[in-house]
Amino acid sequence: MYPPILQRFLRYVRYDTQSDESSTSFPSTQKQLVLLRDLAAELRALGLSDAAVDEHGYVMATVPATSPKPGVPTIGFIAHVDTSPEMSGASVTPILHRAYDGRDLVLPDNPSAVLRMADLPELAIALGHDIVTASGTTLLGGDDKAGVAAIVTAAAHLMAHPEIPHGPIRIAFTPDEEVGRGTLHFDVEQFNARYAYTIDGGGRGEIETESFSADAMTVTFHGFNTHPGYARGRMVNAIKVAAAFIDALPADGLSPESTDGRDGYLHPYVVEASVDRTTVKLLVRDFETGRLRDKEDLAEQLARAAVARHPGSRAEIGVTESYRNMKEVLDRHPDVAAHAREAIRRVGLEVRDTLIRGGTDGSRLSFMGLPTPNLFAGEHAFHSRLEWVSVQEMELAVRTIAELCRVWEEKSGEAD
Ligand SMILES: [Zn+2]
């Protein structure tokens with residue numbers, strides 16, 4: 001008999017819940033609703049009687065308070081059901097590898113898909129663990145079904161143990177995180193939690209309170225098109241202006257392929273090219289919001305220089321805000337991270353603070369009024385056919401969630 005979290009996890013990964021960037025509907029794919037509806041039913045069966053799916057597909061539910069203390073804040077736990085569009089999530093066949101001993105794990109449906117400790121150093125923390133992988137042709141969906149399974153299992157645990165004192169606990173399952181729309185219709189008021197945690201992180205003990213700050217930049221070069229046979233002295237080729245611009249971007253830094261840790265970047269990722277008009281889209285990223293501006297200024301300078309070398313061309317530049325580093329919000333609510341660190345320590349783990357070189361639903365929720373750092377769920381090598389989770393880490397995520405509910409209750413009413 002498998003432990004409850006593993007049973008749930010193996011069940012959830014069989015739902016194809018891939019989201020779709022190109023879709024204009026919400027959720028981006030209808031198939032996500034199948035799992036969302038089943039999750040609401042499962043929560044109701046566990047006794048969370050208000051569990052429901054709203055008109056946009058979000059599942060919300062409450063574990064009622066058990067504490068007699070007044071004023072214990074409502075805490076939320078959030079996970080997303082969709083899987084990455086980068087890799088198939090259809091007909092996932094999960095495989096349990098018991099007591100991992102460091103050997104190569106060859107996935108049966110694709111002999112070239114091999115989990116080797118040399119390539120995936122995180123596997124070292126899972127020696128002796130039971131590991132789940134997919135079968136070699138799809139992702140596993142641990143991102144974020146490990147988080148979903150951890151939250152449902154923690155809710156079941158709290159419902160079965162009313163002697164554990166905690167305040168009201170809110171749960172949300174969301175669609176479309178992987179296509180950046182997970183919070184688009186998230187009703188913060190309806191959720192009605194003071195603080196929340198996304199359960200969508202890596203190895204045990206991990207807490208993420210910092211994400212990138214992000215802008216999207218569009219540089220449109222205008223040229224002049226005419227019949228190439230009669231173009232002498234008249235044609236201005238916007239493609240060449242854009243090429244000069246891209247070529248001038250720093251090669252030895254400021255790019256995703258040459259930075260890590262705290263360094264940000266300026267990243268051209270889409271070019272739509274024609275002689276008349278060529279658009280370059282860039283991602284601008286930094287942990288310091290103020291430093292986004294420096295990068296945008298540099299891009300603008302380089303664009304102007306390219307235009308100067310091609311008389312008759314011109315450039316139009318647009319910048320839109322994508323999201324901001326959640327640390328700016330979380331620093332004003334230090335208890336949120338402090339209590340999570342306390343819970344992680346209480347289950348016997350070392351706290352590992354990591355940076356998110358990207359954004360999460362939590363970055364957006366934090367700025368929507370719901371401070372939301374991210375906690376580990378035991379996800380590894382996500383968006384890949386080599387994705388894996390450790391059952392023991394998922395169990396630690398469940399214990400951390402339950403402990404965190406208790407910490408909030410215990411600390412509430414204490415002087416700050
Ligand atoms: Zn995720």
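**Exercise 1. Identify the residues that line the largest cavity of this predicted model, and state which strand gives the most to that lining.**

*Solution.* Step 1. The lining consists of Ile-78, Ala-79, His-80, Asp-144, Thr-174, Glu-177, Thr-198, Asp-200, Thr-360, Asp-361 and Gly-362. The volume they surround is about 60 Å³.

Step 2. Assign these residues to elements. Strand S3 (75-80), strand S9 and helix H9 each supply at least two of them. S3 gives the most, with three residues.

Step 3. Sort the lining by class: two residues are nonpolar, five are polar and four are charged.

**Exercise 2. Determine the class make-up of the lining of the second largest cavity.**

*Solution.* Step 1. The structure holds two cavities of 30 Å³ or more; the second largest has a volume of about 40 Å³.

Step 2. Its lining is formed by Phe-77, Ile-151, Ala-154, Ala-155, Leu-158, Ile-169, Ile-171, Ile-401 and Cys-405.

Step 3. Helix H3 (142-160), strand S8 (169-174) and helix H10 (391-411) each contribute at least two residues. The largest share, four residues, belongs to H3.

Step 4. By class, the lining has nine nonpolar residues, no polar and no charged ones.

**Exercise 3. Describe the largest pocket by its volume, its central residues and the classes of its lining.**

*Solution.* Step 1. The volume of the largest pocket is about 1300 Å³.

Step 2. The pocket is lined by 43 residues, of which Glu-178, Tyr-323, Gly-358, Gly-359 and His-383 are the closest to its centre.

Step 3. Elements giving two or more residues to this lining include strand S10 (206-211), strand S12 (265-272), strand S14 (314-323) and helix H9 (361-367).

Step 4. The lining comprises 14 nonpolar, twelve polar and 17 charged residues.

**Exercise 4. Explain why the buried residues of helix H5 line one face of the helix, and name the elements they pack against.**

*Solution.* Step 1. In H5 (residues 238-248), the buried residues are Ala-238, Val-241, Ala-242, Ala-244 and Phe-245.

Step 2. Viewed down the axis of H5, these residues fall within an arc of 155°, and therefore they line one face. An α-helix has 3.6 residues a turn, so residues three or four places apart point the same way.

Step 3. On the other side of H5, Lys-240 and Asp-247 are exposed.

Step 4. The buried residues pack against strand S11 (213-222), strand S13 (277-286) and helix H6 (290-308).

Step 5. Examine the start of H5: a side-chain oxygen of Asn-237 lies within 2.9 Å of the backbone nitrogen of Ile-239.

Definitions and conventions. Residues are numbered from 1 along each chain as its sequence is written. This is a predicted model: local features need pLDDT of at least 70, side-chain atom pairs count only at pLDDT 80 or more; totals for chains, interfaces and linings use all residues. Side-chain values use heavy atoms; hydrogens and water are left out. Buried means under 20% relative accessible area, exposed over 50%, partly exposed in between (1.4 Å probe, protein chains only). The arc is that of the directions from the helix axis to the C-beta atoms. Contact means heavy atoms within 4.5 Å. A polar contact is a pair of N or O atoms within 3.5 Å; within protein, one must be able to donate a hydrogen and the other to accept it, and residues adjacent in sequence count only if both atoms are side-chain atoms. On a 1 Å grid over the protein atoms alone, a cavity is a set of points where a 1.4 Å probe fits but cannot get out, and a pocket is an open set with protein on both sides within 12 Å along at least five of seven lines; lining residues have an atom within 4 Å of a point. Grid points are joined across faces, edges and corners, and a volume is the space filled by probe spheres set on the points. Ala, Val, Leu, Ile, Met, Phe, Trp, Tyr, Cys and Pro count as nonpolar, Asp, Glu, Lys and Arg as charged, and the others, Gly among them, as polar.
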